[in-house]
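Open the structure in your viewer and get ready to make a few selections. We will go from helix pairs to a pocket, one stop at a time.

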Amino acid sequence: LTAAAITGIIIGKGSLGHPKENCQYVIVLGAGVNGTEPSMSLQERIDAAYDYLTANPDTTAILSGGQGKGEDITEAACMYRELTEMGIDGSRLLLEENSSTTMENLTFSMDVLETETGARPEKIGIVSSETHIFRATCFAGDLGVEAVGIPAKTTWFPLRLNYTLREIVAIWKYLVL
């Protein structure tokens, strides 16, 4: 219980992120799509990405997420549609549509960036649910990239509690494996 509590505190600290820092590239991590509509979690990430892209007009976003069960389109395509409907210029959005895990999101997105720009950036922003920021930035570090967390706030408290408990387990799995 003590280890879980300490891990929860680390997740809480990581959930603050650095949303004011300007990054040239941000990776928006996918979440579920219900048919063709974003889940609540994905919509919160889309909203956080919109706010960040609006505040940082020179930033390019890599929308990352494949297509899973119950999804009629990829998570990346859903994010692209929503962000362009909100007024974000589609030329600022790159799609990564093959990933199914966080590590794949980051690995494949870095590959997209390298293909598009000819080099891997040394620093990226990561937009994800606030409870997921710590683990996602750890994964980015494993790939040799400095990551800045840009948290999407989970508005429904029971869902945030569920995500926190899931992240505690996921972080310990990451540390052990």
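Before the first stop, one definition: angles under 35 degrees count as roughly parallel, over 145 as roughly antiparallel, 65 to 115 as roughly perpendicular, and the rest as oblique. Keep in mind, too, that what you see is a predicted model.

**Stop 1: helix 2 and helix 3**

Select helix 2, residues 40–55, and then add helix 3, residues 75–85. Their axes lie 10 Å apart, and the two pack at an angle of about 50°. Helix 2 and helix 3 are therefore oblique to each other. The crossing in which helix 2 passes helix 3 is right-handed.

Now show the side chains. On helix 2, pick L42, Q43, I46, A49 and Y50; these meet E75, C78, M79, E82 and L83 on helix 3. Colour this contact by residue type and you should get 7 nonpolar, 1 polar and 2 charged.

**Stop 2: helix 4 and helix 5**

Next, select helix 4, residues 102–117, together with helix 5, residues 133–142. How do their axes cross, and at roughly what angle? They come within 10 Å and cross at roughly 45°, so helix 4 and helix 5 are oblique to each other as well. Here again the crossing is right-handed, with helix 4 passing helix 5.

From helix 4, highlight T102, M103 and L106, which meet R135, A136, F139, A140 and D142 of helix 5. The residues of this contact divide into 5 nonpolar, 1 polar and 2 charged.

**Stop 3: helix 5 and helix 6**

Keep helix 5 and add helix 6, residues 157–176. These two pack with their axes 10 Å apart, at an angle of about 20°. That angle makes helix 5 roughly parallel to helix 6. This time the crossing is left-handed.

Show F134, R135, C138, F139 and D142 on helix 5, and look for E167, A170, I171 and Y174 on helix 6, which they meet. By type, the contact holds 6 nonpolar, no polar and 3 charged residues.

**Stop 4: the largest pocket**

Finally, turn on a surface and centre the view on G30, A31, R45, E75 and S100, the lining residues nearest the centre of the largest pocket. This pocket has a volume of about 450 Å³, and 25 residues line it. Helix 2, helix 4 and helix 6 are the elements that give two or more residues to the lining. Which of them gives the largest share? Helix 6 does, with 3 residues. Colour the lining by type to finish: 3 residues are nonpolar, 16 polar and 6 charged.

Note on methods:
Residues numbered from 1 in each chain as written. Predicted model: local features only at pLDDT ≥ 70, side-chain atom pairs only at ≥ 80, totals over all residues. Heavy atoms only, no water. 1 Å grid on protein atoms, 1.4 Å probe; cavity = no way out; pocket = protein on both sides within 12 Å on 5 of 7 lines; lining within 4 Å. Points joined across faces, edges and corners; volume = space filled by probe spheres on them. Helix = DSSP H or I, 4+ residues; strand = E, 2+ residues; numbered from the N terminus. Nonpolar A, V, L, I, M, F, W, Y, C, P; charged D, E, K, R; others polar. Axes fitted to C-alpha atoms, helices over the stretch in contact; angles between N-to-C directions. Left-handed = near helix turned anticlockwise from the far one by under 90°. Contact = heavy atoms within 4.5 Å.
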